[in-house]
Amino acid sequence: MRNNNINKTMDQFDMAEIVANMPSTAAAPAAFSLEERASLVNALKSKLQNLGGDHVDVLESLTPKVRKRVEVLRELQNQHNELEQKFFEERAILEAKYQKLYEPLYTKRYEIVNGVVEINGVDQGEENVAEEKGVPNFWLAAMKTHDVLAEQITEQDEEALKYLQDIKWSRVTDPKGFKLEFFFDTNPYFKNTILTKIYHMIDEDEPILEKAIGTEIEWYPGKSLTQKVLRKKPKKGLKNTKSIITKTENCESFFNFFNPPQIPEDEEDLDEDTAEELQTQMEQDYEIGSTIREKIIPHAVSWFTGEAAQDDDFEVLDEGDENEDDEEIEEDEEDEEEDDDDDEDEEEEESKSRKKLPSGVKKSGRPQATAGQDSERPPECKQQ
């Protein structure tokens with residue numbers, strides 16, 4: 001019905017009136033032909049129909065009285081949306097204000113952590129003892145204390161992350177988003193002194209990620225932590241036995257963070273499973289970036305000492321959660337009682353048939369785990 005009303009309204013427009021009301025300037029095109037005028041009206045009709053949207057069908061299905069009430073509710077919603085937009089604008093201004101106030105504190109933190117300055121009251125120690133500057137492995141320890149980041153850091157990564165001197169973040173405006181900067185001391189792994197990660201957002205207030213861009217790491221030969229080179233000698237009997245076959249494989253590393261997943265230019269090439277996997281990868285990548293920005297950078301000292309991890313473990317539970325926990329505890333207690341009864345029955349059976357057990361079978365009845373039964377994890381990089 002609404003679409004019919006739109007069509008009727010458009011059909012009632014007088015073409016001469018539309019053209020007459022159009023601005024006439026020197027830059028305006030020549031007079032419209034009848035064909036061009038018809039195309040203009042059809043385009044306007046199409047635009048209005050698209051603006052109608054599906055919500056029109058919902059309103060059309062309501063009774064007149066309920067529809068009037070919903071119209072009032074929509075006005076309230078619009079007022080709320082206007083206030084919310086002002087909130088987002090004022091929040092951005094407030095965040096920018098306090099970000100400037102934080103900066104001097106972050107600068108002092110950097111200087112103490114990296115031994116640029118010494119605080120009063122620190123004993124310099126004996127002259128022959130090597131002086132320990134700053135707080136060694138500060139950022140590595142802070143990141144490893146957070147569960148999300150600890151999962152990303154391999155044993156090989158730790159050696160490189162010991163050279164991490166500082167992490168900063170800042171807003172970017174075109175397009176909207178934020179940037180992370182990782183400052184490294186000179187190290188034997190890569191040439192870069194700054195590694196960056198930029199997140200471009202479609203909507204920053206309700207974070208919808210458009211894409212992420214990372215620095216290309218300039219690894220020194222044989223030092224890459226994100227790839228490993230496999231070398232294989234040719235089989236005996238081949239003509240060219242001196243040549244060595246090499247193959248490069250990707251492997252787990254925190255530094256893969258700087259090579260984020262990308263949406264292909266032609267999205268039609270993605271099947272459903274690939275699209276879901278890509279979405280999961282992008283969500284995980286954004287979670288890591290947000291964790292560093294919102295938790296690690298502002299509270300790095302608390303993560304280094306472990307205090308932040310303790311606070312993070314305690315969450316406020318509502319009544320529903322508490323009831324669920326109580327039910328789980330009761331179920332666990334019942335399971336334990338059943339297990340105890342089963343154990344007693346097993347002991348009785350074992351005492352009766354102890355002499356009949358064949359050699360090599362343990363009393364517990366459980367087979368011994370072999371070396372390959374542990375949960376597998378993708379290989380970490382170890383250059384060969």
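This report describes the confidence, the core, the helices and strands, and two loop residues of one protein chain.

**Confidence**

The structure is a predicted model, and the mean pLDDT of its chain is 75, with 59% of the residues reaching 70 or more. Among the elements of the chain, the lowest mean pLDDT, 43, belongs to helix 1 (residues 2-11), while the highest, 97, belongs to helix 6. The pLDDT is below 50 over residues 1-33, a stretch that has 23 contacts in the model beyond near neighbours in sequence. Residues 351-377 also have a pLDDT below 50, and this stretch has 7 contacts beyond near neighbours in sequence. Where pLDDT is low, the predicted coordinates should not be read in detail.

**The nonpolar core and its aromatic residues**

The largest nonpolar core holds 44 residues, and those with the most contacts inside it are Phe182 and Phe255. Helix 9, which covers residues 272-296, gives the most to this core, contributing 6 residues. Leaving aside residues up to four places away in sequence, Phe182 touches a set of residues including Leu164, Ile167, Leu195, Phe254, Phe257, Phe258 and Ile292. Phe182 also belongs to one aromatic cluster together with Phe184, Phe190, Trp219, Phe254, Phe255, Phe257 and Phe258.

In the structure there are 21 aromatic pairs. One of them joins Phe254 and Phe258 in an edge-to-face arrangement, with 6.3 Å centre to centre and 85° between the planes. Phe254 and Phe258 are both buried.

**Helices 9 and 6**

Helix 9 has 25 residues, which at 1.5 Å a residue should span 36 Å, and because its end C-alpha atoms are 35 Å apart, the expected span and the model agree. Among the buried residues of helix 9 are Leu278, Met282, Tyr286, Ile288 and Ile292, as well as Asp285 and Arg293.

In helix 6 (residues 138-145), the buried residues are Phe138, Trp139, Leu140, Ala142 and Met143. These buried residues pack against several elements, namely helix 5 (64-113), helix 7 (147-150), helix 8 (155-161), strand 1 (164-173), helix 9 and helix 10 (300-305).

**A pair of strands**

Strand 1 and strand 2 (residues 176-184) pair in the antiparallel sense over 9 bridges, and a hairpin of 2 residues joins strand 1 to strand 2. An example of this pairing is Trp169, whose bridge partner in strand 2 is Leu180. In a regular strand the side chains alternate between the two faces of the sheet.

**Two residues in a loop**

The loop between helix 5 and helix 6 contains Val135, and Asn137 is placed in the loop between helix 5 and helix 6 as well. The table gives the exposure of each residue.

| Residue | Exposure | Relative accessible area |
|---|---|---|
| Val135 | partly exposed | 27% |
| Asn137 | partly exposed | 34% |

Both values can be judged against the limits for partly exposed, because a residue counts as buried under 20% and as exposed over 50%. Val135 touches Ile112, Val113 and Phe304, when residues up to four places away in sequence are not counted. Although Val135 and Ile112 are 23 residues apart along the chain, their C-alpha atoms are separated by 7.3 Å.

Asn137 stands out through its backbone, since it has a positive phi of about 60° although it is not a glycine. Most residues other than glycine have a negative phi.

How values were computed
Residues numbered from 1 in each chain as written. Predicted model: local features only at pLDDT ≥ 70, side-chain atom pairs only at ≥ 80, totals over all residues. Heavy atoms only, no water. Core = buried A, V, L, I, M, F, W, Y, C linked by side-chain atoms within 4.5 Å. Buried < 20%, exposed > 50% of the residue type's maximum accessible area, 1.4 Å probe, protein only. Helix = DSSP H or I, 4+ residues; strand = E, 2+ residues; numbered from the N terminus. Contact = heavy atoms within 4.5 Å. Expected span 1.5 Å × (residues − 1). pLDDT = per-residue confidence, 0-100. Pairing = 2+ DSSP bridges. Phe/Tyr/Trp six-rings, centres within 6.5 Å; stacked < 30°, edge-to-face > 60°.
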